[in-house]
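This report describes one protein chain and its bound ligand. The sequence and the model are shown first, and the description follows.

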Amino acid sequence: MSVAAILKHKGARVETVRPNATVQQVVDQLSSKHIGAAVVLGAGGEVIGVVSERDILHALAKHGTGALHRSIDEVMTRDVVSCKLTDTSADLMEMMTRGRFRHVPVVEGERLVGIVSIGDVVKRRIEDSELERHAMREYITQAG
Ligand code: AMP
């Protein structure tokens, strides 16, 4: 299953944020959209970071509620691992397991074209194995 196929199913919408937004603004954004991470974009629309609920948790542990007034570029991860449309769900699982994160932005050239979460990958893999199980059952029943 390719990243392109996963995005076709879930859509290309990505929640993004500017680096000068406050942590409070991103808390509101993540909460209202029921998501765990947003991609941070620079002035030219390029990916410059990712901020997840984990970063916000760490900032709160370190600075208390004062963290909410800090800017996103103080808490985001800058070294972003991204993937391409041609990568597979197995590639994504390896990236996520090795890097210990649950979100991977999808880029084509410099352009952000989607995001895949661990939930999207697991959902697709369960659907695929259900389809395979169904096909096997049909095959066995017909063969009998
Ligand atoms: P997550 O599991 O996605 O909530 O993220 C856990 C940590 O990894 C946080 O510090 C994130 O900023 C960071 N992170 C999330 N996604 C990525 C990614 N694709 N590349 C690099 N770091 C990431």
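Of the 144 residues of the chain, 35% count as buried. The model is a predicted one, and the description below moves from the chain as a whole to its strands, two buried loop residues and the ligand site.

## Overall form

The chain contains five helices and five strands. Read from the N terminus, these elements follow the order α-β-α-β-β-α-α-β-β-α. The radius of gyration is 18 Å, well over the 15 Å that the globule rule gives for 144 residues, so the chain is more spread out than a compact globule. The C-alpha trace spans about 70 × 30 × 25 Å along its principal axes.

## The three-stranded sheet

Three strands form an open sheet in the order S1-S2-S3, and their pairing is mixed. Strand S1 (16-17) and S3 stand at the edges with a single partner strand each, so one side of each is left without a neighbour in the sheet.

The mixed character can be followed pair by pair. S1 and S2 run parallel and are joined by two bridges. Strand S2 (residues 37-41) and S3 run antiparallel, with five bridges between them. Val-40 of S2 takes part on both sides: Val-17 stands opposite Val-40, and the bridge partner of Val-40 in S3 is Gly-49.

How many residues of S2 are buried? Five of the five are, so S2 is largely enclosed by the rest of the structure. Its side chains point in two directions: Ala-37, Val-39 and Leu-41 point one way, whereas Ala-38 and Val-40 point the other way, and all are buried.

## The hairpin of S4 and S5

S4 and S5 pair in the antiparallel sense over six bridges. One of the pairings places Val-104 opposite its bridge partner Val-116 in S5. The hairpin has two residues between the strands, and Gly-109 takes a positive phi near 65° there. Strand S5 (residues 111-117) is mostly covered, with five of its seven residues buried.

## Two buried loop residues

Burial is also found outside the strands. Glu-15 lies in the loop between helix H1 (3-10) and S1. Is this residue buried or exposed, at 11% relative accessibility? Residues under 20% relative accessible area count as buried, and therefore Glu-15, at 11%, is buried. The side chain of Glu-15 makes a polar contact of 3.0 Å with the side chain of Arg-13. A further polar contact, of 2.9 Å, joins the side chains of Glu-15 and Gln-29.

Ala-67 lies in the loop between helix H3 (53-63) and helix H4 (89-99). Its relative accessible area is 1%, and Ala-67 therefore counts as buried. Ala-67 and Val-23 are 44 residues apart in sequence, yet their C-alpha atoms are 6.9 Å apart in space.

## The ligand site

Which residues are around the ligand? They are Val-50, Ser-52, Asp-55, Thr-77, Asp-79, Val-80, Val-81, Phe-101, Arg-102, His-103, Val-104 and Pro-105. By type, the shell divides into six nonpolar, three polar and three charged residues.

Three pairs of polar atoms between protein and ligand are listed here.

| Residue | Protein atom | Ligand atom | Distance |
|---|---|---|---|
| Asp-55 | side-chain N or O | oxygen | 2.5 Å |
| His-103 | polar side-chain atom | oxygen | 2.6 Å |
| Val-81 | backbone N or O | nitrogen | 2.9 Å |

Taken alone, the ligand exposes 470 Å², and the protein buries 91% of that area. The elements that give two or more residues to the shell are strand S3 (47-52) and strand S4 (103-108). The largest share, three residues, comes from S4.

The ligand site can thus be placed against the strands described above. S3 contributes to the shell and is also an edge strand of the open sheet, with a single partner strand. S4 likewise contributes to the shell, and S4 pairs with S5 in the antiparallel hairpin. Val-104 belongs to both descriptions: it is among the residues around the ligand, and its bridge partner in S5 is Val-116.

Terms used: Residues are numbered from 1 along each chain as its sequence is written. This is a predicted model: local features need pLDDT of at least 70, side-chain atom pairs count only at pLDDT 80 or more; totals for chains, interfaces and linings use all residues. Side-chain values use heavy atoms; hydrogens and water are left out. A residue is near a molecule or strand if one of its heavy atoms lies within 4 Å of it. A polar contact is a pair of N or O atoms within 3.5 Å; within protein, one must be able to donate a hydrogen and the other to accept it, and residues adjacent in sequence count only if both atoms are side-chain atoms. Accessible areas come from the Shrake-Rupley method with a 1.4 Å probe; for residues, only the protein chains shown count as cover. Helices (H or I, at least four residues) and strands (E, at least two) are DSSP runs, numbered from the N terminus. Ala, Val, Leu, Ile, Met, Phe, Trp, Tyr, Cys and Pro count as nonpolar, Asp, Glu, Lys and Arg as charged, and the others, Gly among them, as polar. Buried means under 20% relative accessible area, exposed over 50%, partly exposed in between (1.4 Å probe, protein chains only). Two strands pair if DSSP finds at least two bridges between them. The radius of gyration is taken over C-alpha atoms; the globule rule is 2.2 Å times the number of residues to the power 0.38.
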